[in-house]
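Let's take a walk through this structure together. Have the sequence and the 3D view side by side, and we will go from the overall layout to some individual helices.

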Amino acid sequence: MVSVRRRRKEKSSLPKVTRRHKDKQRKVRIKSNAIIAASWDEKLTLSQNYKKLGLTARLSRPTGGIQKDLKPAPTSVPVADGATVKALESDTAAMSNAVTEAKIVRDPETGAIVRIEELKKTEFDDVPTPAPVSSTTHVVRQLEEYAARGERKLERTQSEREEAWINELVKKHGDDYEAMKKDRKLNIWQQSAGDLRRRVEKWKKKGSVVG
């Protein structure tokens with residue numbers, strides 16, 4: 001026989017505690033813009049996709065979802081007493097940007113850096129640097145072209161059922177829109193006189209006549 005406590009536990013409306021499986025990430029479905037949807041990578045996160053496409057996910061500072069570029073920590077090198085940091089910086093700035101090899105002169109006793117001497121350049125030093133590549137992606141260019149075309153306003157057309165309804169109104173009341181408004185039998189949606197006038201004028205502009 002089952003105890004009273006066990007019977008109450010089976011009738012309880014509270015859900016049983018079960019082991020929760022790992023939630024699967026919901027895939028982002030881009031439905032608002034076909035240009036972005038065509039270049040969207042489902043394996044990347046939202047922030048990574050926006051960075052790849054050249055877009056901005058947030059106008060303010062991002063709060064997460066961006067991979068940090070890890071840089072090696074600078075190693076501390078002892079400097080001789082006679083050579084200050086500013087002197088070393090001036091020696092480095094005096095050298096050409098194309099220097100590929102340099103000689104570090106150290107103090108023989110302490111091993112500290114005394115100065116930096118330029119040695120030689122390579123055969124590739126005179127090669128001009130390539131022009132910077134534009135950061136604008138092909139997706140951004142397509143979106144700009146789409147925005148430059150402007151919004152096309154689609155004119156609403158009247159259905160056959162609406163035309164038949166307007167035909168009955170005009171056939172019964174002519175151009176008396178106040179009478180159309182008060183007609184509870186035909187004007188069951190209680191359209192205003194101004195709305196009925198616009199509908200009738202559009203119906204006439206199409207070339208329709210009372211049948």
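Starting at the N terminus, the order of elements is α-α-α-α-β-β-α-α-α-α. That gives 8 helices and 2 strands for the protein. Do keep in mind that what you are viewing is a predicted model.

Next, the protein as a whole. Of its 211 residues, 19% count as buried. The exposed area comes to about 19,300 Å², with 52% of it supplied by carbon and sulfur atoms. If you take the contacts with a separation of 6 or more, 42% of them are between residues 24 or more positions apart.

Now let's visit helix α3, which covers residues 46–53. Its buried residues are S47, N49 and L53. Because these residues cover an arc of only 160° around the axis, they sit on the same side of α3. What lies over them? The cover for the buried residues of α3 includes α2 (34–38) and α5 (138–149). As you leave the helix, look for G54, which follows α3 and has a positive phi, near 80°.

From there, move along the chain to helix α8, residues 193–205. A good check to begin with is the length of the helix. With 13 residues at 1.5 Å a residue, α8 should span 18 Å, and its end C-alpha atoms are indeed 18 Å apart, so the two values agree.

Which residues of α8 are buried? They are A193, D195, L196, R199, V200 and W203. Viewed down the axis of α8, the buried residues fall within an arc of 160°, and therefore they line one face of the helix. That face has its partners too: the buried residues of α8 pack against α6 (160–173) and α7 (177–182). Turn to the other side of α8 and you will find R198 and K205, both exposed.

D195 deserves a pause of its own. Its relative accessible area is 17%, and since buried means under 20%, D195 counts as buried. Where does its side chain make a polar contact? The side chains of D195 and R199 are joined by one of 2.6 Å. Both of these residues are listed among the buried residues of α8, so this contact links two members of the face that we traced down the helix axis.

To finish, step just past the end of α8. There you meet G207, which takes a positive phi of about 100°.

Technical notes:
Residues numbered from 1 in each chain as written. Predicted model: local features only at pLDDT ≥ 70, side-chain atom pairs only at ≥ 80, totals over all residues. Heavy atoms only, no water. Helix = DSSP H or I, 4+ residues; strand = E, 2+ residues; numbered from the N terminus. Buried < 20%, exposed > 50% of the residue type's maximum accessible area, 1.4 Å probe, protein only. Contact = heavy atoms within 4.5 Å. Areas by Shrake-Rupley, 256 points an atom, 1.4 Å probe, with all protein chains shown as cover. Polar contact = N/O pair within 3.5 Å; in protein donor to acceptor, adjacent residues only side chain to side chain. Expected span 1.5 Å × (residues − 1). Arc of directions from axis to C-beta.
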